[in-house]
Amino acid sequence: MDQETQKIIAAHLRKPEGETGMEVAYYMNEGNAGMNRFAISKLTPETNHKVLEIGMGNGYFAKEVLEKIPFGFYTGFDYSATMVRAAEELNKDKVGEGRMRFLEGKAANMPFDDGSFEWVFTSNTIYFWEEPAKELKEIKRVLKPGGTLLLAMRPEETMNNIPLTKYGFHIRTKETVHNMLQMGGFTEIKTEEFSEEKEDANGSPAQLKTMVFNCKA
Ligand SMILES: C[S@@+](CC[C@H](N)C(=O)[O-])C[C@H]1O[C@@H](n2cnc3c(N)ncnc32)[C@H](O)[C@@H]1O
C-alpha cells in the first residue's frame with residue numbers, strides 16, 4: 001500500500017467520514033471482530049445496567065452489548081456524524097424499540113449528567129486522544145461511583161507492526177495507560193490479553209494482540 005493510501009485510511013480510522021469512511025468502517029468491523037468480542041466477553045453488567053460505548057464506529061457490535069442488558073439501555077457516542085448515522089441505520093430496530101441511542105460529540109466533553117452509566121466501553125479510540133487525561137476525567141465523571149471502564153487497545157508491539165499507525169496514532173504502552181488510569185483516579189485496574197493470528201498488510205500471518213483494561217471509577 002502506498003503512503004498516500006495509508007494516510008487516507010489512517011485519517012478515516014481516526015474519524016471515518018463520507019463514503020470512504022463507511023468503507024473503512026466495514027473493514028474495521030472485520031479486522032477488529034476478535035478484539036471487540038473478547039472485550040465484550042469481559043462486560044458483566046447486571047441486566048438493567050446502562051452502558052455507554054465511546055467510538056462505536058458504525059455500531060456493528062452494539063447489539064452484542066445490548067444482549068447483555070435485556071432490561072438496560074445502550075448509548076453509542078462518536079464524533080463522526082457519518083458513523084452516528086450508520087450506527088442508527090444498522091440498529092434501527094433496537095433504536096425504534098427505545099433500547100438504544102446514538103449521539104455525536106467528543107469524548108472529552110460529553111452531554112451526560114454525572115453518574116449516568118454503570119459501564120463505559122471503548123475499543124480502539126485511545127490512540128486518537130491527544131491528552132487522554134481529559135477523556136478519562138470525563139469518563140470517570142459520567143460513570144457512577146464504583147462503575148466500570150473497559151478500555152480495549154492494541155499494545156505497542158502490535159501497533160508498531162501496522163505501518164499506517166505512523167500517521168496520527170498515539171501508540172501507548174501498557175504501563176503508560178495503567179499510569180494514566182491511576183492518575184485519573186481509577187482503581188482496581190486489571191488487564192487481560194488476547195492474541196489472534198491475522199494476515200498483515202502483505203498477506204503474511206501476524207499475531208495481533210489485544211489488551212483490555214478493566215477498572216473502577
Ligand atoms: C478506529 S475506530 C474504532 C471503532 C470500533 N470501536 C472498533 O474497535 O472497531 C475509532 C472510532 O472512534 C471515534 N473516535 C475517535 N476519537 C474520538 C473522540 N475523541 N470522541 C468521540 N469519538 C471518537 C471515531 O470517529 C471512530 O468511529
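Setting aside neighbours within four places in sequence, T148 is in contact with E118, W119, V120, L143, N214, C215 and K216. This is a predicted model, so please read every value below as computed from it. T148 lies in strand β5, and its relative accessible area of 3% makes it buried, since buried means under 20%.

Next door in the sequence, L149 also belongs to β5, which runs over residues 143–153. L149 is buried, with a relative accessible area of 0%. Again leaving out neighbours within four places in sequence, its contacts are V120, L136, I139, L143, L181, F186, F213, N214 and C215. L149 can also be placed relative to V212: the two are 63 residues apart in sequence, yet 9.8 Å apart in space from C-alpha to C-alpha.

Strand β5 comes up again with helix α3, residues 33–41. How many of the nine residues of α3 are buried? Seven are, so the helix counts as mostly covered. They are A33, G34, M35, N36, F38, A39 and I40. These buried residues pack against two helices, α2 and α4 (62–66), and against the strands β4 (117–123), β5, β6 (187–199) and β7 (205–216).

Now to helix α1, which spans residues 3–14. At 1.5 Å a residue, its twelve residues should span 16 Å, and the end C-alpha atoms are 17 Å apart, which agrees. Q6, A10 and H12 are buried in this helix. Seen down the axis of α1, the buried residues fall within an arc of 165°, so they line one face of the helix. An α-helix has 3.6 residues a turn, so residues three or four places apart point the same way. Part of the cover over the buried residues of α1 comes from α2 (18–31). At the N-terminal end of α1, D2 acts as a cap, with a side-chain oxygen 3.1 Å from the backbone nitrogen of E4.

A10 leads on to F169, which touches A10, L13, Y127, F128, M159 and L164 when residues up to four places away in sequence are not counted. F169 sits in the loop between α8 (156–159) and α9 (174–183). Is F169 buried or exposed? At 12% relative accessibility, F169 counts as buried. Its C-alpha atom is separated by 23 Å from that of F61, and the two residues are 108 apart along the chain.

F61 brings us to the aromatic rings. With ring centres required to lie within 6.5 Å, the count comes to eight aromatic pairs. One of them joins Y60 and F61: the ring centres are 5.1 Å apart and the planes stand at 85°, so the pair is edge-to-face. Y60 is partly exposed at 40% relative accessibility, whereas F61 is buried at 7%. Elsewhere, F77, F112 and F117 form one aromatic cluster. Another ring, that of Y79, has the charged end of K15 sitting over it, 5.0 Å from the ring centre.

Here are the accessibility values side by side.

| Residue | Relative accessible area | Class |
|---|---|---|
| Y60 | 40% | partly exposed |
| F61 | 7% | buried |
| T148 | 3% | buried |
| L149 | 0% | buried |
| F169 | 12% | buried |

Notes
Residues numbered from 1 in each chain as written. Predicted model: local features only at pLDDT ≥ 70, side-chain atom pairs only at ≥ 80, totals over all residues. Heavy atoms only, no water. Phe/Tyr/Trp six-rings, centres within 6.5 Å; stacked < 30°, edge-to-face > 60°. Buried < 20%, exposed > 50% of the residue type's maximum accessible area, 1.4 Å probe, protein only. Lys NZ or Arg CZ within 6 Å of the ring centre and 35° of its normal. Helix = DSSP H or I, 4+ residues; strand = E, 2+ residues; numbered from the N terminus. Expected span 1.5 Å × (residues − 1). Arc of directions from axis to C-beta. Contact = heavy atoms within 4.5 Å. Polar contact = N/O pair within 3.5 Å; in protein donor to acceptor, adjacent residues only side chain to side chain.
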